[in-house]
Amino acid sequence: MTQEVLSQEKGSDPREEVRVGVYVCHCGLNIAGTINCQEVAEFAATLPHVVLAKDNRYTCSDQGQDLIKKDIKEHRLNRVVVASCSPRLHEPTFRQACEEAGLNKYLFEMANIREHCSWVHLSEKEAATEKAKDLVRMAVAKVTLLQPETESEVQIIRKALVIGGGVAGIQAALDLADTGYKVYLVEREPSIGGRMAQIDKTFPTMDCSICILAPKMSDAGRHPNIQLLTNSEVQEVKGYIGNFKVKVQKKPRFVTDDCSACGECAKICPVTTPNEFDVGLATRHAIYTPFAQAVPSKYIVDRNLCLNKENIIVCDKCIKACERKTIDFNMKPETLELDVGTIIVATGADVYDPTSLVNYGYTKFPNVITSLEFERLINAGGPSGGHLLCPTDMQIPKSVAFVQCVGSRSEKGRLYCSNVCCMNTIKDALLIREHWPETEIYVYYVDIRAYGKGFEDLYKRARKEGVHFIRGLPSEIWEDRKTRSLWLVGENTLLREVYKTNVDMVVLSVGLEPKADSEAVQRLFTLSKTPDGFFMEAHPKLRPVDAPTGGIFLAGCAESPKDIKDSVTQASAAAARANILMAKGKVTIEAITSKLLPESCTGCQMCVKVCPFNAISVNKELKKVNMVEAACSGCGTCSAECPFNAITMRHFTDDQILAQIDAVTEFDADKKIVAFCCNWCSYAGADFAGVSRMQYPTNVRVIRTMCSGRVAPKFVERAFARGAAAVLVAGCHLGDCHYINANYQTQKRVERLWKKMEKFGLEKNRLQLAWISAAEGERFASKIKEIQGILNSVSPEEIENSKKMVERG
Amino acid sequence: MMDESAHPYEKFLRKDRIPHIWCEGCGNGIILNCFARALDELNIDLDKVVVVSGIGCIGRVSGYTNTDSFHTTHGRPIAFATGVKLANPELKVVVISGDGDLFAIGGNHFIHAARRNLDIQVICANNFIYGMTGGQSGPTTPLDVWTTTTPYGNIEQAFNLVHLAAACGAVYTARWTTLHTRWLTESIKKALNKEGFSFIEVVSECPELYGRYNKMETAIKMMNWFKEASVVEHFSDPAKAEITTQRIVVGEFVDIEKPSYGRLLREMKARAAEKMSDGGG
Amino acid sequence: MPVRTWRRPLDADKVKPPRAEVHIIKDRCKGCRFCIEFCPKDVLEESDEINKRGVHPPRVIDEDRCALCGFCSAICPDFAIYTREKNAKEKEATR
Amino acid sequence: MTTVSVQKPKIVRSGRRFISGDIACAEGALAAGCRFFAGYPITPATEIAENMSRRLPEIGGTYIQMEDEIASMAAVIGASYAGVKAMTATSGPGFSLMQENIGLAIMTETPCVIVNVMRGGPSTGQPTMPGQQDVMQARWGSHGDYEIIALAPSSVQEMFDLTVDAFNLAETYRLPVFVLADEIVGHMWERVTIPEVESLKIVNRKKPTVPPGNDFAPFKPDWDLVPPMAVFGEGYRFHATGLTHDERGYPRTDSAEAQTELVQRLCDKIRKNKQRIVRVENALLEDAEVAVVAYGIAARAALSAVRKARAAGIKAGLLRPVTLWPFPDEHVAEVARRVRAIVVPEMNCGQIVREVERAAKETPVIFLPKLGEEPHKPDEILDAMRGMRK
């Protein structure tokens, strides 16, 4: 939107009087059930600059929005406040409404009286209503100071990066490539294919997994728009939506692309190790290809296993065996720098390792296998040529027991349901039936979850075909020394009787868990995690494939355990979302960036030191700094750092935040907790507490900043000066900051304040610092309770002293 | 277990001459070993191989190979080899000699044979010193090191042999250490099949007279020096491949095609013969 | 794909690498220890016997460890050691 | 063996031809079967190289100009070991550079021919002027003890004939053989008769009689003290070295016996065959009272001096050593017994004269030195003879 247009906008003229309209939303009974919305509206009407205040059932509804638009026109409103849910949910909605009514969308503010009030104080109606008033007061105080802003536009690079070459990654890459975008598909393993390549058959349709995957793999392999980067890992991600700079390290294969995969090299390779792809059931050599259908179809040398260490070739058998002379032990890792506009994270999941569940005897008893091992055993291309063999005697088992929920839905493993194990077991049971009808099959389960299309039929079929389903997991499994057969003991919870069954083979139906290194991936892409450890979506309902960071999307089991169909669905969805950005070719960035006031800048360079994005540089001759707005991501830590108030943060100016603080502390300051919460983690965490209806004391007032790094010491001091009982500064966990490392500045500043408080003999625990992730609603709630506990011991004198501290500086 | 004749490379050696005179851990033995292996893998007719050597420890090598062989005067093996090769082009003539022999007293012959692109293979055992005479400094002695004639540290710049060879026009040039036996063997094989002048420098350990005086008392220590210091950089700029005590760049540096002296000589003879049969001349 | 590889692979017998014979020609050894130092499988150690050259030739610790890479013979300056596939001779004969 | 190619037509341009000594030398080499020439330009021998560079390729031989005379000599030895008759041609300075490898040729018993077209020395001296100053260098030039063969042509015809002989001797006795010409003989143009190849006596080195195998010893001599010569590429896989060696060619650096056995044989194979090797030419010696002993170009002036003397009534005669080495001392001694005195004109300050004096015992020897542009004038020699009367 150009400057000219803007100047006609309402509120753009500083001389014109401020006219605020306030709308209090009932949200059905979500809010109105606890808060007296009418009372809040009436209260709002009494606030300065407020020309009208209304309450209605659903402000977010079309009527609700139309009302706002109408009022803006009729009552010449130039500021709007909506008191309803979290801005993280509906701010965009209302901003758009304002814009449609010709009001600059940055002249809109929300009061979060649902997640932060009605839902978390269900039983304290009055207190909640009072709190709601405070929240509205704060919103109005801020909105009157808001300024119209222009959003800057950034170009979106029309290239995509897909991390992870499992079926999800492959699908996403193919979709984007077919749309016409250049796609980099990065896979850590030597071949794409992922888990699906290991599986024998897929449920519920029972088609051969590799048969349907292989064509997709080779499509991805030879697609002109896809650059396959196998045996590669992302090392560094810089930049922002539309303009990511990604460093990918391509680890050496030690075999050139001329490899024809003839396999002569592996034949004579003198060293062997259990093959990961066959879960250790088969052997591979130091030079190998993970599996027959691998893409790219090239061999690779495992240098950890190979006899040739360092730069000395001890063994040259493979080199000699290779007719095309493709083996080159001198290959070095290369680092590629990719510029991409969008990123799809499809890093997948790990399979739960049941070794720790000692009562099941995995790794103690050879005939206890995992469901993944089962897949390899039953697979015609597997180590046993598709014959389900008991490892001890290499005979077809006469009886097989499946044990469900191994590592899932249990304190011992993971708390969540792994989603695929029930159907997988049913499928496996039917496979045994099909091949060896004589074999008895028992399935020990807690619940059978056959929720998907065609699942129930499959379940019924299994029952019809005589698979025994026993409700109640075995408490223990042990081996018969002589026969090597296995005993399962447990309670049949339906018949309320103890069972003791003897079988030849036990299959542990293991669950899925987050990749061991998902922490690293999380940091690289500044993602968040849900409590189960999988990556968190921007919104569980409305933006289920977007990551919180703009331009990054999630697909497959990295987001949560899911079956192939769901993975592919989500992959296509993620691709479609990325496509939207790239098709547009540009995106407008929220006008929440730092602005330099050159006249006040002394060139002290404090800001330069703290900026995580190197957006600030020094101008030697002017003795001032320069700010590159495009590079600024808007954490505002520079503004917090500047001793001369020479940097303001658009839409989160000092004045605006101070106004909110003053609003909080206007009445009963000595009973209130002023909480500064960062938009990405802590504020979201508080929202999550609301969504989960976690109850906590009503006297907390949350002030939202984009990053905890924005919280300047003077804010805290102002709160104390105004007699606030306590102050909470909350941000993302160290290392998870959405602005790389800005929250380390937060920590420094708070520590400095603590020292100061100590100097003045103040209760320094009245200032709290907490790292609360978006998933940690519980943590937020308990933190408030904790502070409440502290407050009970805070005396009026203490509070007076703290006022003085600020006066004395 | 003790069946000597069973050693796979026995047939490449003059059995009655083994054990050789070289010291414990001397790299010359490894070079001979790699050479034997190369002959074995190419299975060349040993009757058509001539090994020519000069003076110095490695000069004795010609006495150990089970081929026709000649142990010439100091510095002259390449000149001698020139005569052999031109007189009977069917023969594979390989010169194996030391850095002092080939590049000090024999430097002139080396550069001209390379310039002519004469069809011979030159393998240089570079041990940085004159071993046979007791460890004096030579044309490849690195700066600062101690030898019996540089008691205050060597103040002469060393030859960068691969650079020299490349500059003189060798069509194949490689450098390895005696620890890189596999690569060395491959290079020797390449060289043997190459038309024209090929040169392979083998950085070779002399624990007795180089190592001992430069803080590497044992052959193992020298080998570990090779291990730490060597970096494989195929076809990197030979000019930047000087050997220092910290860094030994190894690899293939040159592998080009260029009409060899032998080929041009054949063609010239043909022209001359024709002219004569036309009754000219 | 990190997996817990605790099982003996089912095809362990099929892909078992050939067994090696390590031959040491003791009296040729000059005791440089290259074969001992650079054996990737640590098959060799210094023996305590003294050969006719007055040095300790290497001795095989465990022949079955040998991967037949042949580096010992490749790096031996004295042609004093070599490896051979067990029963290689017979194989030759039968071929 | 490439020498069979001698039988091919047109290789030798037989008949009467008017050519220079250097050309005649080259033609003689080709006639003798020489098929390899390695050299380095030097006055006054250059024309030999030039001629070889033109003629050898025509008949399948190889000419190469090496980087110096050291290399030339080494290459000649190499070629000879590869079974090809090889030669080089040079003059004083180059001859000096060749000495070390001449020693190698002697030690490794390498048949080859070195032509030294002598010029004025020492050092660079007078490149375009004649001299006979390298006679002793030819005998003793390389270090160590050995016997050698050197021939001294005194005409263009002899440049042809003696070059052929040089190759035959080299092949017979397995050693380097010198042709000690001089600038005048080399540059002089004369009519020569080049015989039909068939009429030429060509000697090729003895081949081993045993097949390749363990009982072959490359340096085991026959009755004539000369070992048969295997060459590279024939399958004998033998070793040769400049070190003192045994019959198998293996170094024997620590044994007095080996040293004695080898070095003594190297000398004896010449000494014991001296009668077969030595050649002289006599003129009017039968009744001579005064004898002139001269070789090379000096011998031509000496001959006319002798004729003049006879005309003047002096009974003079000429003894011309064709082989300077081994020196024909018996011949000199025999003449010395019959004559009153011996005159020795040489283009140097006295080299062969020492050998003459040694052989002549009491018989007085008058030495006529000569340095620079011209050889002796017949009258100078005549005067010397006149001084011998009364």
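Okay, let's start with chain A, where the domain assignment, automatic or from a database, gives domain 1 (1-151), domain 2 (159-349 + 515-584), domain 3 (382-500), domain 4 (594-649) and domain 5 (652-809). Before I go on, this is a predicted model: local features need pLDDT of at least 70, side-chain atom pairs count only at pLDDT 80 or more, and totals for chains, interfaces and linings use all residues. Residues are numbered from 1 along each chain as its sequence is written, while chains are lettered from A and ligands numbered from 1 in the order in which they are written.

Take domains 2 and 3 of chain A. Their centres, taken over C-alpha atoms, are separated by 32 Å. When I say contact, I mean two residues whose C-beta atoms, placed from the backbone, lie within 7 Å. By that rule, 11 residues of domain 2 of chain A touch 17 residues of domain 3 of chain A. On the domain 2 side of chain A, we get six nonpolar residues, no polar ones and five charged. For the bookkeeping, Ala, Val, Leu, Ile, Met, Phe, Trp, Tyr, Cys and Pro count as nonpolar, Asp, Glu, Lys and Arg as charged, and the others, Gly among them, as polar.

Now some strands in chain A. Helices (H or I, at least four residues) and strands (E, at least two) are DSSP runs, numbered from the N terminus, and two strands pair if DSSP finds at least two bridges between them. Strand E7 of chain A, residues 182-186, is a nice one to look at: four of its five residues are buried. Buried here means 20 or more other C-beta atoms within 10 Å of the residue's own, exposed means 12 or fewer, and partly exposed is in between, with C-beta atoms placed from the backbone.

What does E7(A) pair with? Strand E6 of chain A, residues 159-163, runs parallel to E7(A) over five bridges, with A:Lys159 opposite A:Lys182. Getting from E6(A) to E7(A), the chain goes through helix H7 of chain A, residues 167-179, in a right-handed β-α-β crossover. Right-handed means that, with the strands pointing away from the viewer, the path from the first strand over the helix to the second runs clockwise. Strand E8 of chain A, residues 226-229, is also parallel to E7(A), with four bridges, and there A:Leu185 faces A:Leu228. E7(A), helix H8 of chain A (residues 209-222) and E8(A) form a right-handed β-α-β unit too.

On to chain C. Along the sequence, chain C reads β-α-β-β-α-β-α, so to speak, three helices and four strands. Chain C has 95 residues, and 45% of them count as buried. Of its contacts with a separation of 6 or more, 61% come from residues 24 or more positions apart. Who does chain C touch? 18 of its residues contact 22 residues of chain A, and the chain C side of that is 14 nonpolar, one polar and three charged. Chain C makes no contact with chain D, and their closest C-alpha atoms are 19 Å apart. Chains A and D don't touch either, with 30 Å between their closest C-alpha atoms.

So who does chain D touch? Of the four pairs of chains that touch, B and D have the most contacts. That interface puts 39 residues of chain D against 37 of chain B. On the chain D side, helix H3 (69-81) is among the elements giving two or more residues, and H3(D) gives the largest share, nine residues. The chain D side splits into 23 nonpolar, 10 polar and six charged. There's strand pairing across the chains as well: strand E2 of chain B, residues 68-71, runs parallel to E10(D) over three bridges, and B:His71 sits opposite D:Thr241.

Last stop, the sheet in chain D. It's open, with five strands in the order E11-E13-E12-E15-E16 and mixed pairing. Why do E11 (280-283) and E16 (365-368) of chain D have a side without a neighbour in the sheet? They stand at the edges, each with a single partner strand, so one side of each is left free of a neighbour there. On average, neighbouring strands are turned by 20 degrees against each other, direction ignored. Angles are taken from 0 to 180 degrees between N-to-C directions, using lines fitted to C-alpha atoms, for helices over the stretch in contact. E15(D), residues 341-345, is parallel to E16(D) with four bridges, and D:Ile342 has D:Val365 as its bridge partner.
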